[in-house]
Amino acid sequence: MTTTRTIRRRQWNIIIPHAIGRLFLYIVLLLLVFIFIFPFWAMFVSSLMKDDDLFSSKPNLYPRYGINWDGYVVLLRDYQFLRPLWNSFYIAIVRTVGIVFFSALAGFAFAKRHFPGRDKLLWFMMLTMMLPAQATIIPWYLVMVKVFKWANTYWPLWVPAWAPAFGILMMRQFTVQAIPDEMMDAAAIDGCGVFMTFVRIVVPLITPGLAVLAILQFITGFNLYLEPLLVLSSPKIINAALMITWFRGTQVIPPRWSMLFAAASLTTLPMLIFYFVFQKQLVGGLLSGALKG
Amino acid sequence: MTQSLVGFRTFARPVKPLWRQVWEHRLDYLFISPFYITWILFAAYPFIWGLRLSFGYWKGFGPIEWVGLENYAIMLKDPWLVKCLVNTFEFFIVMVPISLFVALLLAVVLNIKNLAGKGTFRTLYFMPYVTNTIMVGIVFLQLFDDGYGWVNAGLKAIGLQPVGWLRNNIWAAKFVVVFLGLWQNMGYYVLMFLGGLQGIEPELYEQARIDGANSWHQFWGLTLPLLKPIIFFFSVMATISLVGAGAFAAPYILTQGGPEGETTTLMLRIYQLGIQGLRYGDSAAFGFMISLLVVGIGAAQVRLQRAWMD
């Protein structure tokens with residue numbers, strides 16, 4: 001009896017500081033959740049409020065005076081927002097498909113094939129990552145528009161992005177991790193050609209990696225801003241983010257805040273759904289540590 | 001030469017000529033070619049083109065007029081150059097260490113084995129990463145509004161002075177721009193570090209515990225050294241994105257570079273010069289300054305990493 005009591009007393013010495021530590025930890029973690037989530041809440045409720053309620057001296061943290069859909073109605077009916085929203089998707093989809101395809105091919109070649117100059121070429125590719133492509137953004141824009149005559153098309157957002165060093169390195173890492181060399185030898189003995197080996201053996205095994213790359217690039221492509229700002233100007237083909245800054249910048253229309261928030265909500269919501277659907281693949285892939293490169 | 005007695009050659013097979021090897025691997029070269037082709041067409045070519053442009057004056061059509069070093073001279077005399085450099089450097093020096101430190105800390109916390117709900121925290125922290133900077137910028141404009149913003153209302157509610165966030169106070173404006181960047185990217189950085197942490201064998205910690213190392217020692221002696229490659233990769237990537245496009249959208253939507261130009265980053269200035277001002281030559285010269293800067297920082301980081309790894 002006495003022995004158990006001493007043991008228990010000793011445990012309390014550990015448990016109480018531990019519990020306090022945990023409590024403190026959870027308070028910090030929940031505070032961070034609040035910081036990360038609150039702007040989403042602000043975005044959605046603001047899109048449902050009249051401008052007067054939004055800019056009242058006492059903030060309305062929820063649509064206290066009834067839900068008001070005017071922002072959405074004006075946005076969708078008068079400004080046809082679905083069009084730029086679809087454009088954002090379209091840009092992201094084609095961009096992502098190209099990136100995944102070319103990155104997987106090159107990643108496979110760098111990981112599993114032995115050809116003269118491979119390591120030097122790989123080294124060179126890594127070196128180019130250190131150069132900020134954006135620093136030459138004005139020459140880039142001029143070349144796109146004046147040399148290639150690609151103004152108001154999606155080509156400048158697609159073709160230059162299709163074979164990124166980042167994606168190729170990531171796919172190379174995944175291929176190295178997922179596929180043992182013996183499997184390559186076996187495929188070669190079976191008379192499987194290089195491309196067939198890639199399609200039949202490599203692609204099925206690196207699907208988790210392809211998913212991560214695709215998800216990350218889809219997010220990036222959907223949210224592109226600087227490049228579209230430079231090369232897109234026709235109202236028919238601009239993307240969602242660009243349309244919003246037009247509203248803000250030109251002041252042609254009175255800046256109707258509920259409409260801006262409705263646009264923000266309509267752009268953010270599909271991406272949130274996309275994220276929650278593919279969350280498992282994304283987190284799983286990133287956690288496998290393939291980004292180390 | 002040395003033919004062995006039994007009759008087969010002991011020396012190595014004659015090496016095939018290089019062109020032959022290259023030809024046999026033509027498919028491999030085809031596979032990796034998209035990167036090199038796009039790099040030459042869309043990175044190297046604009047780079048060279050821009051270099052020529054930076055020594056010239058161009059109206060946007062016709063031939064480029066050669067003006068020598070004039071653009072560079074104008075740029076060096078321009079008070080904006082120093083201002084933008086300082087602003088970008090401030091963002092850099094604040095954001096990279098903070099995001100590194102906080103992300104690492106959060107990753108270590110979310111890696112605690114018996115912490116309930118850590119998956120949920122991870123998921124929620126990543127949410128801002130999927131948002132569009134412009135769209136979040138709209139929300140931040142309202143949250144940090146001087147008169148009606150919710151943040152100021154919150155400050156008043158707990159008895160503090162409201163702050164003129166975006167228009168009047170330069171440090172507050174800088175803070176909001178930095179905060180937007182941290183808010184958006186923190187979850188991604190946390191996941192990156194978590195990936196690294198989960199790659200560490202649990203047995204190593206077991207061993208350290210047996211050797212009497214407390215969790216603080218374990219972190220400094222075990223976790224941190226093993227994470228070095230990721231920390232390095234992360235800091236290089238963060239630098240590139242910060243000095244480059246990462247430092248464009250946030251100030252562009254939030255402050256348009258104000259107040260008093262104190263949130264104008266190098267990228268924003270390039271845009272203002274080149275697109276809004278149609279000063280192509282100047283902006284190209286400006287771009288090359290950034291390139292030099294980033295390459296310099298990158299080289300310094302590589303050197304630092306070498307010193308640190310040993």
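Modeller: Domain bounds in what follows come from an automatic or database domain assignment, and on that basis chain B is divided into domain 1 (18-54) and domain 2 (70-309). The model is predicted, so that local features need pLDDT of at least 70 and side-chain atom pairs count only at pLDDT 80 or more, while totals for chains, interfaces and linings use all residues. Residues are numbered from 1 along each chain as its sequence is written, and chains are lettered from A and ligands numbered from 1 in the order in which they are written.

Colleague: How far apart do the two domains of chain B lie, and how many residues are in contact between them?

Modeller: The C-alpha centres of domain 1 and domain 2 of chain B are 32 Å apart. With contact defined as C-beta atoms, placed from the backbone, within 7 Å, four residues of domain 1 of chain B are in contact with seven residues of domain 2 of chain B. On the domain 1 side of chain B, these divide into two nonpolar, two polar and no charged, where Ala, Val, Leu, Ile, Met, Phe, Trp, Tyr, Cys and Pro count as nonpolar, Asp, Glu, Lys and Arg as charged, and the others, Gly among them, as polar.

Colleague: What does each chain give to the contact between chain A and chain B?

Modeller: Chain B gives 74 residues and chain A gives 71 residues. On the side of chain B that touches chain A, the largest share, 17 residues, comes from helix 2 (residues 26-54) of chain B, and that side of chain B divides into 53 nonpolar, 19 polar and two charged residues.

Colleague: Why is chain A called more spread out than a compact globule?

Modeller: Chain A has 14 helices and zero strands, helices (H or I, at least four residues) and strands (E, at least two) being DSSP runs numbered from the N terminus. The radius of gyration of chain A is 26 Å, well over the 19 Å that the globule rule gives for 293 residues, so chain A is more spread out than a compact globule. That radius is taken over C-alpha atoms, and the rule is 2.2 Å times the number of residues to the power 0.38. For chain B the radius of gyration is 27 Å, whereas a compact globule of 310 residues would have one near 19 Å.

Colleague: What makes L278(B) exposed and Q256(B) partly exposed?

Modeller: A residue is buried if 20 or more other C-beta atoms, placed from the backbone, lie within 10 Å of its own, exposed if 12 or fewer, and partly exposed in between. L278(B) has 12 other C-beta atoms within 10 Å and is therefore exposed, while Q256(B) has 16 and is therefore partly exposed. Q256(B), in the loop between helix 11 (249-254) and helix 12 (266-276) of chain B, has a positive phi of about 50° although it is not a glycine.

Colleague: How do you know where the largest nonpolar core lies relative to the domains of chain B?

Modeller: A nonpolar core is a set of buried Ala, Val, Leu, Ile, Met, Phe, Trp, Tyr and Cys residues joined through C-beta atoms within 7 Å. Of the 143 residues in the largest one, A106(A), V190(B) and F193(B) touch the most other members, and helix 4 (residues 82-112) of chain A gives the most, with 13 residues. Domain 1 and domain 2 of chain B both give residues to this core, so the core lies between them.

Notes
Two residues are in contact if their C-beta atoms, placed from the backbone, lie within 7 Å.
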